[in-house]
Amino acid sequence: KFADSQLLLILDQLRENGIYDESLVIVTADHGAGFSIGQPLRRLSAGNEAEIMWVPLFVKQPNQALGTIDDRPAETIDIVPTIADVLSFDLPWQVDGKSLFGPIDSGADMRSFAKWKVDDAPEVDGVLIPVDGKSAFENLLSLAPPTPIDPNDAWAFYRFGRYGHLLGVDVGEYLLTAATAEASLAEADRYQSVDPLADTVPAYLHGTAELPAGTPVAIAVNGTIVGWSQIVPTSDGASWWTVAPASSFVLGDNEVELFVIAVPTAQTIELQRLQLFTG
């Protein structure tokens, strides 16, 4: 929603300056997101290739008035040679992609997914995961439209993945125990004087935790679970992060807590409170 609003500002500015018609405009994304119930948000699985790897790619040529849909194989590496083709100049270096307005190879369509930190899928050369582009694209076209989000439910957009159902629930609803591991909250001072009505609120919560990669954790603000994450190894250490609804915060001081999500049995969930350092 935020990205859409920024794109609208850009297009409006181009029109106000009288250069929209003559401009080449390209819109794409670096990766998708797995919003299917039970599928990981960013990690590649056997059921979410189409959601993770296929992204929008819109190209408006200069003085183009009408659009069309082109389902031929395309990749984001095709953007630079497309720009060169449309603007009629020769690139001074070798590129891997091809112009989207030139001949497209209709043969085998194998794609490569750059392995993320906690992927389960098999790797090739330790980095890339091969995906059959033709079958994954057919799967994408066959997917049912996502369930509309209830505009009156502040949590609906955030309830993705395996533990999305925890959001909006008071931590006291679950068995609470103490975890032995320690964790940290980045930029902790931002939560000591929050104005929920300000233009920006500290909705991006993140930090580190002394936990194995892939460990699920729940993040609570003022006693309510506002998000969940998996521990991911990064250059900053074993990291966690989430984005909470702005409505999660109260005026003044806000308490942030971090819990390991434990599942002793198939029917129960236990929250193990981590000692959270905020220095």
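**Stop 1: N222**

Select N222 in this predicted model. N222 sits in the loop between strand 7 (216-221) and strand 8. Is N222 buried, partly exposed or exposed? Its relative accessibility is 31%, so N222 counts as partly exposed. The band for that label runs between 20% and 50%, which means 31% falls inside it. Now check the backbone. The phi of N222 is positive, about 55°, although N222 is not a glycine. Most residues other than glycine have a negative phi.

**Stop 2: N63**

Go next to N63. This residue also has a positive phi without being a glycine; the value is about 65°. Look for N63 in the loop between strand 2 (57-60) and helix 3 (79-86). How does N63 count in terms of exposure? N63 has 62% relative accessibility, so it counts as exposed. The cut-off for exposed is over 50%.

**Stop 3: the whole protein**

Zoom out. The protein has four helices and 12 strands. Its C-alpha atoms fill a box of roughly 65 × 45 × 40 Å along the principal axes. What share of the 279 residues is buried? Buried residues make up 35%.

**Stop 4: the open sheet**

Colour the strands. Eight of them form an open sheet, and the pairing is mixed. Follow the order across it: 8-7-11-12-5-6-10-9. Which strands stand at the edges? They are strand 8 (224-230) and strand 9 (232-234). Each has a single partner strand, so one side of each is left without a neighbour in the sheet. Turn the view to compare strand directions. Neighbouring strands of this sheet are turned by 45° against each other on average, direction ignored.

**Stop 5: strands 9 and 10**

Stay at the edge formed by strand 9. Select strand 9 together with strand 10 (residues 237-243). A hairpin of two residues joins strand 9 to strand 10. The two strands pair in the antiparallel sense, over three bridges. Try picking out partners:

- V232 has S239 in strand 10 as its bridge partner.
- P233 stands opposite A238 in strand 10.

**Stop 6: strands 6 and 10**

Keep strand 10 selected and add strand 6 (residues 204-209). How many bridges join strand 6 to strand 10? There are five, and the strands run antiparallel. For one pair, select Y204: its bridge partner in strand 10 is V243.

**Stop 7: helix 1**

Jump to the start of the chain. Helix 1 covers residues 2-16, which is 15 residues. From its first C-alpha to its last, helix 1 reaches 21 Å. That is close to the 21 Å expected at 1.5 Å a residue. An α-helix has 3.6 residues a turn, so residues three or four places apart point the same way. Now select G18, which follows helix 1. The phi of G18 is positive, near 70°.

**Stop 8: a nonpolar patch**

Finish on the surface. Select F35, I149 and F157, then show the surface. These residues make a nonpolar patch of about 310 Å². Centre on F35. This residue lies in the loop between strand 1 (25-28) and helix 2 (49-53). At 44% relative accessibility, F35 counts as partly exposed.

Note on methods
Residues are numbered from 1 along each chain as its sequence is written. This is a predicted model: local features need pLDDT of at least 70, side-chain atom pairs count only at pLDDT 80 or more; totals for chains, interfaces and linings use all residues. Side-chain values use heavy atoms; hydrogens and water are left out. Two strands pair if DSSP finds at least two bridges between them. Axes are lines fitted to C-alpha atoms, for helices over the stretch in contact, and angles run from 0 to 180 degrees between N-to-C directions. Patches are made of residues with over 30% relative accessible area and no salt bridge: like charges are joined within 9 Å, nonpolar side chains (Val, Leu, Ile, Met, Phe, Trp, Tyr) within 5 Å. Accessible areas come from the Shrake-Rupley method with a 1.4 Å probe; for residues, only the protein chains shown count as cover. A salt bridge is a side-chain nitrogen of Lys or Arg within 4 Å of a carboxyl oxygen of Asp or Glu. Buried means under 20% relative accessible area, exposed over 50%, partly exposed in between (1.4 Å probe, protein chains only). The expected span of a helix is 1.5 Å times one less than its number of residues.
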